[in-house]
Amino acid sequence: MSAPPSPPAPSTPPPAAPPPDAGPIVTFRPSGVVAAARPGESLFEIGKRAGVRISTSCNGKASCGLCRVAIVDGESGLSPLGPLEKRHLGNVYFITKQRLSCQARLTESATAVTIDVP
């Protein structure tokens with residue numbers, strides 16, 4: 001008589017969304033990671049803390065321009081483009097919706113932001 005088959009190994013569930021009263025949240029696509037955030041934090045800092053890999057060679061100092069992300073939703077909850085971003089991105093934000101994740105910061109009015117990480 002053989003032993004009954006062992007149950008399948010539990011899979012890692014996707015991260016749970018923060019409770020609604022936890023402040024702003026940022027959703028990173030395509031990974032689906034949802035991270036709680038605080039006003040003033042950059043998308044790069046939030047992603048790094050949540051384990052989302054965002055390309056960079058300057059570690060968030062706006063000198064390389066590699067940390068581009070596309071804003072899918074919630075752009076009104078982000079700081080305006082500054083001179084460092086304009087230097088790397090030009091004036092095509094309204095076409096591409098790309099921002100430097102190290103420069104785009106959550107504002108006090110931010111509730112939810114969704115971005116695409118290439």
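The legends below describe close-up views of a predicted model.

Residues are numbered from 1 along each chain as its sequence is written. In this predicted model, local features need pLDDT of at least 70 and side-chain atom pairs count only at pLDDT 80 or more, whereas totals for chains, interfaces and linings use all residues; side-chain values use heavy atoms, with hydrogens and water left out.

**Figure 1. Overview of the secondary structure elements and the surface.** The protein contains 3 helices and 5 strands; helices (H or I, at least four residues) and strands (E, at least two) are DSSP runs, numbered from the N terminus. Read from the N terminus, the order of elements is β-β-α-β-α-α-β-β. Of the 118 residues in the protein, 36% are buried, where buried means under 20% relative accessible area, exposed over 50%, and partly exposed in between (1.4 Å probe, protein chains only). The accessible surface amounts to about 7300 Å², and carbon and sulfur atoms account for 59% of this surface; areas come from the Shrake-Rupley method with a 1.4 Å probe, and for residues only the protein chains shown count as cover. Among contacts with a separation of 6 or more, 59% link residues 24 or more positions apart, a contact being heavy atoms within 4.5 Å.

**Figure 2. The open sheet of 5 strands.** The strands are arranged in the order E2-E1-E5-E3-E4, with mixed pairing; two strands pair if DSSP finds at least two bridges between them. E2 and strand E4 (98-100) form the edges, each pairing on one side only. On average, neighbouring strands of this sheet are turned by 35° against each other, direction ignored; axes are lines fitted to C-alpha atoms, for helices over the stretch in contact, and angles run from 0 to 180 degrees between N-to-C directions.

**Figure 3. The hairpin of E1 and E2.** These two strands pair in the antiparallel sense over 4 bridges. Ile 25 has Ala 36 in E2 as its bridge partner, and Val 26 is bridged to Ala 35 in E2. The hairpin has 3 residues between its strands, and Gly 32 in the turn has a positive phi of about 80°. Pro 30 also belongs to the loop between E1 and E2, and the peptide bond leading to Pro 30 from Arg 29 is cis, with omega near 10°.

**Figure 4. Thr 114 and the parallel pairing of E1 with E5.** E1 and E5 are joined in the parallel sense over 5 bridges. Thr 114 is located in strand E5 (residues 112-116) and is the bridge partner of Thr 27. Thr 114 counts as buried because its relative accessible area is 16%. Beyond the residues up to four places away in sequence, Thr 114 touches Thr 27, Arg 29, Ala 70, Ile 71, Val 72 and Asp 73.

**Figure 5. The largest nonpolar core.** In soluble globular proteins, nonpolar side chains tend to be buried together. The largest nonpolar core here comprises 25 residues, and those with the most contacts inside it are Val 26, Phe 28, Leu 43, Leu 106 and Ile 115; such a core is a set of buried Ala, Val, Leu, Ile, Met, Phe, Trp, Tyr and Cys residues joined through side-chain atoms within 4.5 Å. Strand E1 (25-29), strand E2 (33-36), helix H1 (43-50), strand E3 (68-73) and E5 each contribute at least two residues of this core. H1 provides the largest share, 3 residues. With neighbours within four places in sequence set aside, the contacts of Ile 115 include Phe 28, Leu 43, Val 69 and Ile 71.

**Figure 6. Arg 68 in strand E3.** Arg 68 is part of strand E3 and is classed as partly exposed because its relative accessibility is 29%. Its C-alpha atom is separated by 4.5 Å from that of Leu 100, although the two residues are 32 residues apart along the chain. A polar atom of the Arg 68 side chain lies 3.0 Å from the backbone oxygen of Gly 65. Outside its neighbours within four places in sequence, Arg 68 is in contact with His 88, Leu 89, Gln 98, Arg 99, Leu 100 and Pro 118.

**Figure 7. Two positive phi values in the loop between H1 and E3.** Most residues other than glycine have a negative phi, and most peptide bonds are trans. Asn 59, located in this loop, has a positive phi of about 60° although it is not a glycine. Ala 62 lies in the loop between H1 and E3 and has a positive phi near 60°. Asn 59 is partly exposed at 43% relative accessibility, whereas Ala 62 is buried at 2%.

Definitions and conventions: Polar contact = N/O pair within 3.5 Å; in protein donor to acceptor, adjacent residues only side chain to side chain.
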